[in-house]
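Work through the exercises below with the model open beside the text. Each task is followed by a solution that proceeds step by step.

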Amino acid sequence: MESLQVTRLMSCKLSANISHKACSFRPSRQLGFSSLSRRSFQNGKLTVARSDITENGGGFGGLDDSSNSNSIEEEDDDEEEEEKNGLMLGLDRDDCGSVIALQLIPPSGEVAIDSHQDEAADTKGEDEGIEEEKGGEEEIRSRVTYNIVFVTAEAAPYSKTGGLGDVCGSLPGVLAGRGHRVMVVSPRYLNGTSADKNFTGAYDVDRRIKVPCFGGEQEVAFFHEYKKGVDWVFVDHPSYHRPGNLYGDSHGAFGDNQFRFTLLCHAACEAPLVLPLGGYTYGEKCLFLVNDWHASLVPVLLASKYRPFGIYKDAQSILVIHNLAHQGVEPAASYKNLGLPSEWYGALEWVFPTWARTHALDTGEAVNILKGAIVTADRILTVSKGYAWEITTVEGGYGLNELLSSRRIVLNGIVNGIDVTEWDPSSDEHVSFHYSADDLSGKARCKTALQQELGLPIRPECPLIGFIGRLDYQKGIDLIRWAIPELMEDNVQFVMLGSGDPLYEDWMRAAEKTYRDKFRGWVGFNVPISHRITAGCDILLMPSRFEPCGLNQLYAMRYGTVPVVHTTGGLRDTVENFNPYAGDGSGEGTGWTFSPLTKESMLEALRTAIMTYRDHKSTWEALMRRGMQRDFTWETAAIHYEQVFEWACIDPPYIT
Ligand SMILES: Nc1ncnc2c1ncn2[C@@H]1O[C@H](COP(=O)(O)OP(=O)(O)O[C@H]2O[C@H](CO)[C@@H](O)[C@H](O)[C@H]2O)[C@@H](O)[C@H]1O
């Protein structure tokens, strides 16, 4: 009840122009109805385009997982032929019966019809090449290319605390490989450790800008490295140079994170205009991919600071939500520091429910930076379809569910890919023994090596269970802590790698002492060890309370390590629950999913997995192989991203 009230309040308090936009439902524009019918009418036919999309106009879960190969435009004047080709329109309606999407039924299942393909091409400028897919190498190139600007607080290998770094370190290179011009803008963090060497390849481009915010003009510099076809741009300012991790240190989160990421957003808006990378600026016609709250001022700045002056009129912004739990909420008084026009306060305004206020005089007023992007971005993406739905519910919406629901026509979910070069069991530089689905023998050696490295008894037959992740409420660490005494009574070994909440760090150290022969708790952030755990374990446990996508279960499956996961978000979308009776008794599935999130159901799933590991070797190997053969490549995800880019570019900016 309370949270509903908050969002209602929040939405109502938006300033006039924004509240109208934020809540309006514009099927004809968002779906390109008029342009589609015009096209149909003029040509008497539709255009055959990609096979990967069952277009639903961008309602959540609107992307199809099926085959993604592209096809060429096909013209045919014969009406009969049209019917044969299945040129039929279906309508998707919402609960109220309003049309929210067109479905263009594919004629044969092999070729789908994408009404937006030509539209998108029509809207391209000279700087956007249009290439038809051909055989050979060019097959991987996109038909329509864009100037893409990622804005992110982390991008591996330069900076990483979690999955955001992985995504923003991998996807840009894949998109660049498909023909797009791609820039990634993130901070130049220096913390005085060996991690600083990650930035040694980036050079000062000798371009300073002054950012008007926080009561003055802050000078920032830009560093640049061109690598793997991507322009990596690092915003430099003294506030990014300090000990600790990207967001905080042992005392907690840095108190000036709002300042640090306000600088990032302003600088990211300037970068395409002022940086002559490779001799040319990116210019105004860009597609901004803004990731999580740290980058969420970008769409607000485009709408409030640039477009009123005729700049970035044709730019589009897509908010990518990796984790809705972090929204960049600060006291309302901080609004004046953000460098936004005062009349745009409503876009960021956020009112805490009464129960969440700290004292009687607390009015609960705050600014919420992520909310600003939700009401101003042209489209919204999350990192799995399941999570795209969850964030529209009271349980998963963290107070933003109503607002997100009001924009669900432009809300999609695309499951993350993984870097299959970095995470490849047949060549991983961090592990001593290599293997593949064809020859699993190296995995057993990886397990022995891991047991040795951890100082655990070397017992090849003993199931080794792993956990890797931030020690955070999200990851369900409390459940593991609660279950460990019971699990340690079984004949198993358990290894955990993670850092975060000191409570759980201390618990891991203590558990290691209590269960010397069975439990190891590695406190810290260590990429090589994470690879060795992924390769050496038999089972990976992920009891996440919520998980927008989750990457470790994808890495695990690629390494033949069977995931046992809570049925939520991206875990539900990517781990197929084992069914021993399917496939004529040979079994189907890639792991175990459990629900509800209780100690009992988690232990039951784990024990079923352990029993299968011990007593049904061939079934276990089949499970491993099925996981190893799943396609979690970024190439597949990138094709879905491109479809969303095309949808974004059909319309003029959402807030003009
Ligand atoms: N101690 C440690 N040492 C070494 N490596 C460690 C580590 N702890 C974590 N990692 C690594 O960090 C990454 C974490 O990936 P997750 O998908 O679990 O991310 P996270 O919750 O941070 O990200 C959010 O964004 C991502 C990306 O969209 C979503 O998948 C996810 O659901 C969402 O919560 C993995 O590469 C993992 O191996």
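**Exercise 1. State how far apart the centres of domain 1 and domain 2 are, and which residues each domain holds.**

Solution. The centres of domain 1 and domain 2, taken over C-alpha atoms, are separated by 32 Å. Domain 1 comprises 147–326 + 377–417 + 641–650, while domain 2 covers 440–632; these bounds come from an automatic or database domain assignment. Residues are numbered from 1 along each chain as its sequence is written. The model is predicted, so that local features need pLDDT of at least 70 and side-chain atom pairs count only at pLDDT 80 or more, whereas totals for chains, interfaces and linings use all residues, and side-chain values use heavy atoms, with hydrogens and water left out.

**Exercise 2. Describe the interface between domain 1 and domain 2 by its contacts, its buried area and its polar pairs.**

Solution. Begin with the contacts (heavy atoms within 4.5 Å): 17 residues of domain 1 touch 16 residues of domain 2. Next, take the buried area, which is the accessible area (1.4 Å probe) that two parts lose on being put together, summed over both; here it is about 1300 Å², and carbon and sulfur atoms give 59% of it.

Then turn to the salt bridges, each defined as a side-chain nitrogen of Lys or Arg within 4 Å of a carboxyl oxygen of Asp or Glu. The count between the two domains is 1 salt bridge, and the side chains of Arg572 and Glu390 meet in a salt bridge at 3.0 Å, N to O. Polar contacts (N or O atoms within 3.5 Å; within protein, one must be able to donate a hydrogen and the other to accept it, and residues adjacent in sequence count only if both atoms are side-chain atoms) join 9 residue pairs between the domains, both residues being at pLDDT 80 or more.

Finally, on the side of domain 1 that touches domain 2, α7 (163–177) and α12 (385–390) each supply at least two residues, helices being DSSP runs of H or I with at least four residues and strands runs of E with at least two, numbered from the N terminus. The most is given by α12, with 4 residues.

**Exercise 3. Identify which residues come nearest to the ligand, and give the distances for Gly163, Asp166 and Asn416.**

Solution. Of the 29 residues around the ligand (a heavy atom within 4 Å of it), Asp166, His322, Arg470, Lys475 and Glu547 come nearest. A polar side-chain atom of Asp166 is 2.4 Å from a ligand oxygen atom, and a polar side-chain atom of Asn416 lies 2.9 Å from an oxygen atom of the ligand. For Gly163, a polar backbone atom is 3.1 Å from a ligand oxygen atom.

**Exercise 4. Explain which parts the salt bridge of Asp256 and Arg242 ties together.**

Solution. The whole structure holds 20 salt bridges, including that of Asp256 and Arg242, whose side chains meet at 2.7 Å, N to O. Asp256 lies in the loop between β9 (252–253) and α8 (257–274) and Arg242 in the loop between β7 (230–236) and β8 (248–249), so the pair ties together parts that are 14 residues apart in sequence.

**Exercise 5. Locate the cis peptide bond that joins Ser595 and Pro596.**

Solution. This cis bond has an omega of about 5°, and Pro596 is placed in the loop between β22 (592–594) and α20 (599–615).
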